[in-house]
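Visitor: I would like to learn how to read the interior of a protein model. Could you take me through one example?

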Amino acid sequence: MTQPPVVGIIMGSTSDWETMSNAADVLSAFGVAHETKVVSAHRTPRRLVDYAESAVDRGLKVIIAGAGGAAHLPGMAASMTRLPVLGVPVESNALKGMDSLLSIAQMPGGIPVGTLAIGKAGAINAGLLAISILAVSDDALAAKLDEWRANQTASVATDPQ
């Protein structure tokens with residue numbers, strides 16, 4: 001039986017999937033049920049409102065929102081739900097993602113968005129951070145995360161050669 005999604009991954013356009021698929025891959029590797037949607041703050045504002053306002057009732061626990069350029073998606077989603085929203089700045093052509101990073105990080109007081117690194121690393125870490133949030137109340141997931149971290153540590157060489 002398929003588990004209902006507990007993490008939502010949203011992005012401003014299909015071109016963001018190249019980056020955001022990395023978050024989905026991490027969640028899949030840990031067996032965390034998730035959904036992925038294109039939800040543009042600018043081009044599909046009603047879709048954004050419907051998504052964010054229904055997230056809690058649909059069983060989501062965390063939202064990962066990737067956006068490039070003006071990058072309003074994470075902040076707008078955070079303004080409409082009590083769920084933690086993790087923002088992933090997608091690298092833009094014009095400013096290499098600095099515009100996205102600053103748009104997500106510079107939220108006004110009262111509307112928090114957890115902001116990750118630009119691009120692939122940020123998407124991977126958003127997936128891991130979502131898992132960490134879920135693991136607070138899920139012992140089995142916490143054990144998987146502990147094992148993953150131990151394996152990561154063990155994979156680091158002690159000598160440079």
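Guide: We will look at the nonpolar cores, and then at one charged residue. Please keep in mind throughout that this is a predicted model.

Visitor: Which residues of the largest nonpolar core touch the most other members?

Guide: A nonpolar core is read as a set of buried residues joined through their side chains. The largest one here has 26 residues, and those that touch the most other members are Val7, Ile9, Leu27, Phe30, Val32, Ile64 and Ile131. At least two residues each come from the strands β1 (7–11), β3 (62–68) and β4 (85–90), and likewise from the helices α1 (17–29), α5 (120–135) and α6 (139–154); α5 gives the most, with seven residues.

Visitor: With which residues is Leu27 in contact, leaving aside its neighbours within four places in sequence?

Guide: With that restriction, Leu27 is in contact with Val7, Ile9, Val32, His34, Ile64, Gly127, Ala130 and Ile131. Apart from this core there is a second, separate one of 18 residues, which includes Val39, Leu60, Ala71 and Leu73.

Visitor: Now for the charged residue: is Glu35 buried or exposed?

Guide: A residue is called buried when its relative accessible area is under 20%. Glu35, which lies in strand β2 (residues 34–38), has a relative accessible area of 13%, and therefore counts as buried.

Visitor: Which side chains make polar contacts with the side chain of Glu35?

Guide: The side chain of Tyr51 does so at 2.7 Å, and that of Arg58 at 2.9 Å. Leaving aside neighbours within four places in sequence, the residues in contact with Glu35 also include Pro5, Val7, Gly8, Ile9 and Leu60.

Key. Residues numbered from 1 in each chain as written. Predicted model: local features only at pLDDT ≥ 70, side-chain atom pairs only at ≥ 80, totals over all residues. Heavy atoms only, no water. Core = buried A, V, L, I, M, F, W, Y, C linked by side-chain atoms within 4.5 Å. Buried < 20%, exposed > 50% of the residue type's maximum accessible area, 1.4 Å probe, protein only. Helix = DSSP H or I, 4+ residues; strand = E, 2+ residues; numbered from the N terminus. Contact = heavy atoms within 4.5 Å. Polar contact = N/O pair within 3.5 Å; in protein donor to acceptor, adjacent residues only side chain to side chain.
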